[in-house]
Amino acid sequence: MSFNHQEIEKKWQTYWLEQKTFKADTYSEKEKVYALDMFPYPSGAGLHVGHPEGYTATDIFSRMKRMQGYEVLHPMGWDAFGLPAEQYALDTGNSPAAFTEKNIATFKRQIQELGFSYDWDREINTTDPNYYKWTQWIFTKLYEKGLAYIDEVPVNWCPALGTVLANEEVIDGKSERGGHPVIRKPMKQWMLKITAYADRLLEDLEELDWPESIKDMQRNWIGRSEGAEITFSIDGYDEEFTAFTTRPDTLYGATYAVLAPEHPLVEKIVTSEQKEAVEAYLDQVTKKSELERTDLAKDKTGVFTGAYAINPANQEKMPIWIADYVLMTYGTGAIMAVPAHDERDYEFATKFELPILEVVKGGDVSKEAFTEDGEHVNSDFLNGLYKDEAITKMIEWLEAEGKGTKKVTYRLRDWLFSRQRYWGEPIPIIHWEDGSMTAVPEEELPLELPEMTEIKPSGTGESPLANSEWVNVVDEKTGMKGRRETNTMPQWAGSCWYFLRFVDPHNPEKLADPEALKEWLPVDIYIGGAEHAVLHLLYARFWHKFLYDIGVVPTKEPFQKLFNQGMILGEGNEKMSKSKGNVVNPDEIVASHGADTLRLYEMFMGPLDAAVAWSTNGLDGARRFLDRVWRLFVQEDGTLSDKIVDTTEDTALNKVYHETVKKVTEDFENLHFNTGISQMMVFINEGYKAEVIPKAYVEGFVKLLSPVSPHIAEELWEKLGHTNTISYDAWPTYDESKLVEDEVEVVIQIMGKVRAKMNVSKDITKEEMEEKALANEKIQELIEGKTVRKVIVVPGKLVNIVAN
RNA sequence: GCGGGUGUGGCGGAAUUGGCAGACGCGCUAGACUUAGGAUCUAGUGUCUUCGGACGUGGGGGUUCGACUCCCUCCACCCGCACCA
């Protein structure tokens with residue numbers, strides 16, 4: 001008979017909730033472990049089978065840690081602001097709040113049915129005013145410190161929809177909804193100065209226990225590069241510009257300069273002869289979408305301005321061109337072009353027949369750019385030097401002459417923080433009629449979103465909030481009129497600090513009690529999808545560092561250890577999608593196989609970080625294992641098996657039990673769930689072969705199983721005669737001495753090939769082993785007539801005989 | 001192009017420091033029990049084989065008594081970035 005998963009899962013889920021089994025004590029005396037999941041966006045589609053993968057991993061970890069005597073913080077919440085709810089509201093006229101609430105209820109039900117050991121008293125919802133009060137509070141602090149500022153930046157403006165679109169809503173230059181044209185239009189936007197933290201975000205990666213790939217992605221994203229800024233004067237004008245370069249040592253090889261099309265100097269320096277050509281080019285460039293300008297830019301385009309810059313090193317005239325291979329958003333938007341030693345400049349110079357001058361020996365600049373190190377030539381005081389030395393010397397010279405300076409530039413740009421949307425945290429700023437601007441004072445937070453009967457674009461590019469009376473404010477003291485900021489925060493905002501609120505979720509006075517944060521931070525293990533490798537994790541680190549600077553949090557970094565779970569693919573090894581019809585619904589699996597089986601299966605599929613295809617047969621196999629466990633311990637009539645005995649003396653299971661405890665404990669600690677589970681299967685297979693099973697081993701095994709499949713474990717625990725939950729019973733320990741047998745089997749190799757095996761005492765000496773191996777009958781036969789040249793003995797493992 | 005990663009049976013995957021390749025699961029084969037089996041149990045299952053053995057961890061080379069593991073080189077696939085000066 002198999003166990004009734006529907007019955008026991010319901011039973012234990014109810015028990016855990018009613019008993020508040022997993023309530024964490026914030027100020028406990030115990031050592032603390034904080035195990036965190038990336039909280040989900042509660043979409044209308046409900047839970048995906050990918051969600052439980054990471055959640056099960058942290059749940060296993062949490063459950064094991066509780067049994068090992070730690071106080072465990074394992075919370076869950078909802079990242080509930082975001083676009084889909086607003087789209088839905090636009091489409092149906094319903095309120096995003098109600099829609100979100102419904103979705104959360106579904107998610108919560110589904111998550112609870114999977115038996116995760118969350119402390120539900122700490123549930124967080126980013127759309128709850130009690131929560132976003134603090135999101136807004138952090139913003140006002142950023143504003144106070146000058147890290148939040150308004151800037152004019154181009155956004156995706158869709159005239160037909162009367163709204164600004166996010167990058168992901170623009171497909172091939174058209175709006176995702178409706179296919180209307182989208183143009184780049186400069187608008188005033190809130191920006192966060194994440195670049196002020198670039199160096200620290202880079203440096204502090206070193207101390208984190210994160211996958212190297214993620215660290216690398218963040219490093220690339222930040223894109224620090226060292227070089228120099230060099231000032232160029234313009235022949236015949238009282239103007240100059242600076243260019244950033246990582247190779248100031250090649251200044252003598254700079255034969256032309258290039259400005260980005262958006263560079264402010266362009267219109268000032270263009271000569272009348274070139275005016276027409278330049279305007280035509282600029283027109284052509286603005287029509288290109290971002291995609292066309294970056295992705296498809298294989299062929300270089302550009303136009304001469306007619307003006308010349310002066311090379312500060314040799315006073316040569318360098319023609320100034322405009323080309324869209326130079327980006328206004330990086331460096332200074334202007335470059336000195338050294339075609340002999342830069343591939344892009346080489347390509348451009350070749351196309352437009354600009355001079356190419358070799359200044360570093362080692363390549364053939366008539367064929368291609370030479371970008372490696374070499375001896376400098378044609379470079380006056382740099383001649384004979386190599387790259388590093390030449391760079392240092394050139395920078396010294398530039399600084400002495402006042403023509404340039406050492407400079408570090410980042411690829412990372414400031415964070416565009418405003419969205420022209422309703423369904424987000426209102427930015428707590430008031431614009432007064434006298435032109436001044438103030439933050440909403442702390443005591444007036446949260447600044448709540450007004451309820452609106454209809455959410456539609458304002459048409460002006462402002463958010464729908466512009467249509468509400470809510471925007472109008474009057475200063476009670478002075479009577480001055482003001483207008484609220486209508487932009488809201490992006491979805492990233494709420495997720496930048498939610499892990500702090502989990503520590504002290506109901507604190508009305510503070511974001512969280514500093515004492516409590518000291519207890520729990522940093523997060524010990526953080527698991528989620530790799531899609532958040534850069535943005536979420538970088539933004540959260542940025543906010544955390546800022547909060548550290550203003551004394552709110554005690555650690556420099558929020559997440560000590562990070563792990564990315566892999567994707568679960570459809571049975572055909574393709575990404576699950578509605579259109580392919582290969583989506584697996586966790587509700588159906590919970591109903592047919594049970595949550596314990598789903599959890600077990602997802603952990604057994606393969607390594608946690610691998611992308612593995614779903615397999616119905618594999619799922620059946622997981623269920624079969626749980627059935628085997630049940631049948632081994634429980635008889636048809638529901639009573640304990642007669643095989644279970646009270647002794648542990650000398651049973652056949654001694655070794656495998658201790659091995660299992662050891663391997664499972666170590667594997668779970670390292671998140672190697674697939675191999676830990678396989679060891680449990682080995683134990684059960686041995687259990688079937690054994691005549692008797694000591695009760696202590698059954699109890700130990702059930703504990704090992706309990707983090708993975710907690711419902712069946714609780715049920716078995718009860719059958720074993722316990723009246724309390726298994727969740728806090730001590731984790732099994734193993735006896736190292738039980739792992740080694742007195743006799744071990746070793747292999748005998750000849751020339752590295754296994755030829756025979758023999759049993760030897762575990763304490764045998766090298767000499768004895770060699771002797772015994774050479775005396776072996778089969779070995780004697782095989783080495784007959786050969787000279788034994790060497791014998792390698794690895795105690796307890798093997799003997800390798802070199803003979804020919 | 002740059003950065004990171006992965007290549008092991010029919011499939012998912014194991015394999016401490018270089019030391020018995022293929023644990024465990026799926027699938028498959030045979031048998032048992034059964035009216036029945038998509039249940040359960042038992043045994044087998046890398047390939048080839050003249051049944052001695054030979055070959056085998058993406059290909060080629062190297063180091064070593066011994067290589068899935070270390071080195072060189074090439075190939076394939078996946079992820080990220082992509083004119084970042």
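A residue counts as buried when its relative accessible area is under 20%. In this predicted model, T56 has a relative accessible area of 1%, so T56 is buried.

## T56 and its surroundings

T56 belongs to helix α2, which covers residues 51–67. A polar atom of the T56 side chain lies 2.5 Å from the backbone oxygen of P52. Leaving out residues up to four places away in sequence, T56 touches F116, R599 and M603.

Two of these partners, R599 and M603, lead to helix α18, as both are listed among the buried residues of that helix. Helix α18 spans residues 595–604, and 9 of its 10 residues are buried, so the helix is largely enclosed by the rest of the structure. Besides R599 and M603, the buried residues of α18 include A595, D596, T597, L598, L600, Y601 and E602.

## The chain as a whole

Chain A contains 25 helices and 31 strands. Its C-alpha trace spans about 100 × 85 × 50 Å along the principal axes. Of its 804 residues, 53% count as buried. Among the contacts in chain A between residues at least 6 apart in sequence, 71% join residues at least 24 apart.

## Two open sheets

Strands of a sheet pair through backbone hydrogen bonds, in either the parallel or the antiparallel sense. Two sheets of chain A are described here.

One open sheet has 4 strands in the order β19-β18-β21-β20, and its pairing is antiparallel. Its edge strands are β19 (437–439) and β20 (472–474), each of which pairs on one side only. Neighbouring strands of this sheet are turned by 35 degrees against each other on average, direction ignored. Strand β18 (residues 429–432) pairs with strand β21 (residues 481–484) through 3 bridges in the antiparallel sense. W432 has G482 of β21 as its bridge partner.

Another open sheet of 4 strands follows the order β29-β28-β31-β30, with mixed pairing. Here the edge strands are β29 (753–761) and β30 (788–794), and each pairs on one side only. The twist from one strand to the next averages 20 degrees. Strand β28 (residues 743–750) and strand β31 (residues 798–803) are joined by 4 bridges in the parallel sense. The bridge partner of V747 in β31 is L798.

The two strand pairs are set out below.

| Strand pair | Residues | Sense | Bridges |
|---|---|---|---|
| β18 and β21 | 429–432 and 481–484 | antiparallel | 3 bridges |
| β28 and β31 | 743–750 and 798–803 | parallel | 4 bridges |

## R755 on an edge strand

R755 is found in strand β29, one of the edge strands of the mixed sheet. Is R755 buried, partly exposed or exposed? With a relative accessible area of 36%, R755 is partly exposed. Leaving aside neighbours within four places in sequence, R755 is in contact with I748, Q749, I750, K778, I779 and L782. Among these, I748, Q749 and I750 fall within the residue range of strand β28, 743–750. R755 and P159 are 596 residues apart along the chain, and their C-alpha atoms are separated by 80 Å.

## Cavities and a pocket

How many cavities of 30 Å³ or more does the count give? The count comes to 2 cavities. The largest cavity has a volume of about 80 Å³. Its lining is made up of 15 residues, and those closest to the centre are T163, Q420, R421, P457 and P464. The elements that give two or more residues to this lining are helix α3 (83–92) and strand β6 (163–165). T163, one of the residues closest to the cavity centre, falls within the range of β6.

The second largest pocket holds about 440 Å³ of space. It is lined by 22 residues, of which Q13, T14, L17, Q112 and E113 lie nearest the pocket centre. Two or more lining residues come from each of α1 (5–19) and α4 (96–112). Helix α1 provides the largest share of the pocket lining, with 8 residues. Q13, T14 and L17, which lie nearest the pocket centre together with Q112 and E113, fall within the range of α1, while Q112 falls within that of α4.

Terms used:
Residues are numbered from 1 along each chain as its sequence is written. Chains are lettered from A and ligands numbered from 1 in the order in which they are written. This is a predicted model: local features need pLDDT of at least 70, side-chain atom pairs count only at pLDDT 80 or more; totals for chains, interfaces and linings use all residues. Side-chain values use heavy atoms; hydrogens and water are left out. Two strands pair if DSSP finds at least two bridges between them. Axes are lines fitted to C-alpha atoms, for helices over the stretch in contact, and angles run from 0 to 180 degrees between N-to-C directions. Buried means under 20% relative accessible area, exposed over 50%, partly exposed in between (1.4 Å probe, protein chains only). A polar contact is a pair of N or O atoms within 3.5 Å; within protein, one must be able to donate a hydrogen and the other to accept it, and residues adjacent in sequence count only if both atoms are side-chain atoms. Contact means heavy atoms within 4.5 Å. On a 1 Å grid over the protein atoms alone, a cavity is a set of points where a 1.4 Å probe fits but cannot get out, and a pocket is an open set with protein on both sides within 12 Å along at least five of seven lines; lining residues have an atom within 4 Å of a point. Grid points are joined across faces, edges and corners, and a volume is the space filled by probe spheres set on the points.
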